[in-house]
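Hello, and thanks for asking me to look this one over. My notes follow as numbered points, starting with the ligand and then turning to a few elements of the protein.

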Amino acid sequence: MSVLSSSQFIIIGAGFAGAATAYHLTRLGARDIVILEQEKIAGVHSSGRNASMIRQVVPESSIMVLAKEGADFLRNLPSDWPVPVEFRQNGSLLLGSGEGWQKLLRDAEMARNLGIEAESWPPERTKNFVPVLRETRFDGAIWCPTDGVVDIHALLSGYLKAAVSLGAKIRYGCVVRGIELAAGRVSGVVTAEEIIKAECVINAAGPWAAELGKMAGAEVPLRPCRRHLFVTAPLSWVDPAWPFVWHDAHGVYFRPDSGGLLLCPCDQDEMGPCDPPTDNAIAELLAEKIRRSFPGIADVAIRKNWAGLRTLTPDGRFVIGWDSKVQGFFWVAGLGGHGVTTSSSIGRLAADLVLKTESARGCEFSPARFASLSQNGRIEPPSSGL
Ligand SMILES: Cc1cc2nc3c(=O)[nH]c(=O)nc-3n(C[C@H](O)[C@H](O)[C@H](O)COP(=O)(O)OP(=O)(O)OC[C@H]3O[C@@H](n4cnc5c(N)ncnc54)[C@H](O)[C@@H]3O)c2cc1C
């Protein structure tokens, strides 16, 4: 196999992780970048199959910071942003009961301290706002008016177009099959056609990131987990201005979509990286959760469903940073259920770290925190509060 080309930076994956990293690298002045994507178009996997929701009040404070920065970016897209991106700020309602409600109250306080608008609403006010919640039982709701739903395809395409306009290249239908190493550092990647030499390889391969890591001799514990989404036919009583409503106690949410509703039972089945098949049993799980949590919408008929993979880490935090063993190998992975919301801030953090413009940020996401992986594959509790 011959060496046909070289690039300073290779990014593997054209989902939100890879696209936003390419975007911010180019904004910081990097030009010699090639994105390698195995599919014929961008957004075939998690980045094109998600619920498109921008949620800022989340349980992990380090992710909340990135979520706020990500939402701010969507509200104030740069003047040279190449495509219109609709961001409907209908807000969100996170319903809680018992201990879970106490935790939501603490999360909301943390959010306010970070400058995110988050109010505590009693059930009556919540039910007046979204009348189908009339029969739902909960202790209270967190109202976040600046949350919403974004056009994910326009957003993803915007990152890629902007990066390309500043010199980045994208190769579709290009599967990375190996990572080349020389003296303990990456020297390039192997594709079906060629070896592409590179100083830095950025692993933004989503559910495949752990496999790509192993090709370089690097290991991070990532778990791709399947989640289903369901959409109803149009429903006359759905108000398109409703926020997304998430019943935290039961793990189920809905939001307006195409005149009907999009619903999710928050299922989480671990599986290898793939194009995940749908499972009929999850439709039953959804029906059961809806009956229990949202009796006011229990009769809706489902028109279509699909599944995607959320790639999780043992501690719920992202993996963004240089590999601790393999020099020149950089991770942007493990984005769980937050990769749309935080896309811009993840890309900016990754680009800062790659170009070393802001080395102090982001240590809580460093892959080095998993260096203490024990032999049985379990994660040792972090010793320094990471
Ligand atoms: C059902 C569901 C609902 C969700 N809802 C939300 C939500 O409402 N809000 C939110 O913020 N987040 C949500 N998420 C999470 C979000 O979708 C992900 O965090 C995000 O899309 C991950 O982006 P990524 O770029 O890491 O992965 P991906 O989008 O999977 O991109 C990885 C890319 O790498 C490519 N690739 C892999 N291996 C190779 C290789 N060897 N060679 C070349 N290319 C390769 C793949 O083809 C793929 O295009 C949801 C996810 C799911 C599944």
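**Notes on the ligand site and two local features**

1. An oxygen atom of the ligand sits 3.0 Å from a polar backbone atom of G336. Please keep in mind as you read that this is a predicted model. Next along the chain, a backbone N or O atom of G337 is 3.1 Å from a nitrogen atom of the ligand. S46 also takes part through its backbone, where a polar atom is 3.2 Å from an oxygen atom of the ligand. How much of the ligand does the protein bury? On its own the ligand would expose 1,000 Å², and the protein buries 97% of that.

2. The shell around the ligand is worth a look as a whole. It comprises 38 residues, and the closest are E37, S47, M53, V176 and T341. By residue class, the shell holds 18 nonpolar, 15 polar and five charged residues. If you are setting up a description of the site, both the nonpolar and the polar groups deserve your attention, at 18 and 15 residues.

3. Which elements supply the shell around the ligand? At least two residues each come from α1 (16-27), β2 (33-37), β13 (223-232) and β18 (302-312). Of these, β18 provides the largest share, with three residues. The shell also draws on two domains: domain 1 (3-49 + 153-221 + 314-370) and domain 2 (92-145 + 224-311) each give at least three residues.

4. Now to a small sheet. In what order do the three strands of this open sheet run? The order is β3-β8-β4, and the pairing is antiparallel. At the edges are β3 (53-54) and β4 (87-88), each of which pairs on one side only. M53, one of the residues closest to the ligand, falls within the range of β3 (53-54).

5. The pairing of β4 with β8 can be followed residue by residue. Strand β8 covers residues 148-150 and pairs with β4 in the antiparallel sense over two bridges. R88 has V149 in β8 as its bridge partner. As a general reminder, strands of a sheet pair through backbone hydrogen bonds, in either a parallel or an antiparallel way.

6. Finally, a side-chain pair to inspect. S5 belongs to strand β1, which spans residues 3-12. Is S5 buried or exposed? S5 counts as buried because its relative accessible area is 18%, under the 20% cut-off. The side chain of S5 makes a polar contact of 3.4 Å with the side chain of R171.

Terms used: Residues are numbered from 1 along each chain as its sequence is written. This is a predicted model: local features need pLDDT of at least 70, side-chain atom pairs count only at pLDDT 80 or more; totals for chains, interfaces and linings use all residues. Side-chain values use heavy atoms; hydrogens and water are left out. A residue is near a molecule or strand if one of its heavy atoms lies within 4 Å of it. A polar contact is a pair of N or O atoms within 3.5 Å; within protein, one must be able to donate a hydrogen and the other to accept it, and residues adjacent in sequence count only if both atoms are side-chain atoms. Accessible areas come from the Shrake-Rupley method with a 1.4 Å probe; for residues, only the protein chains shown count as cover. Helices (H or I, at least four residues) and strands (E, at least two) are DSSP runs, numbered from the N terminus. Ala, Val, Leu, Ile, Met, Phe, Trp, Tyr, Cys and Pro count as nonpolar, Asp, Glu, Lys and Arg as charged, and the others, Gly among them, as polar. Domain bounds come from an automatic or database domain assignment. Two strands pair if DSSP finds at least two bridges between them. Buried means under 20% relative accessible area, exposed over 50%, partly exposed in between (1.4 Å probe, protein chains only).
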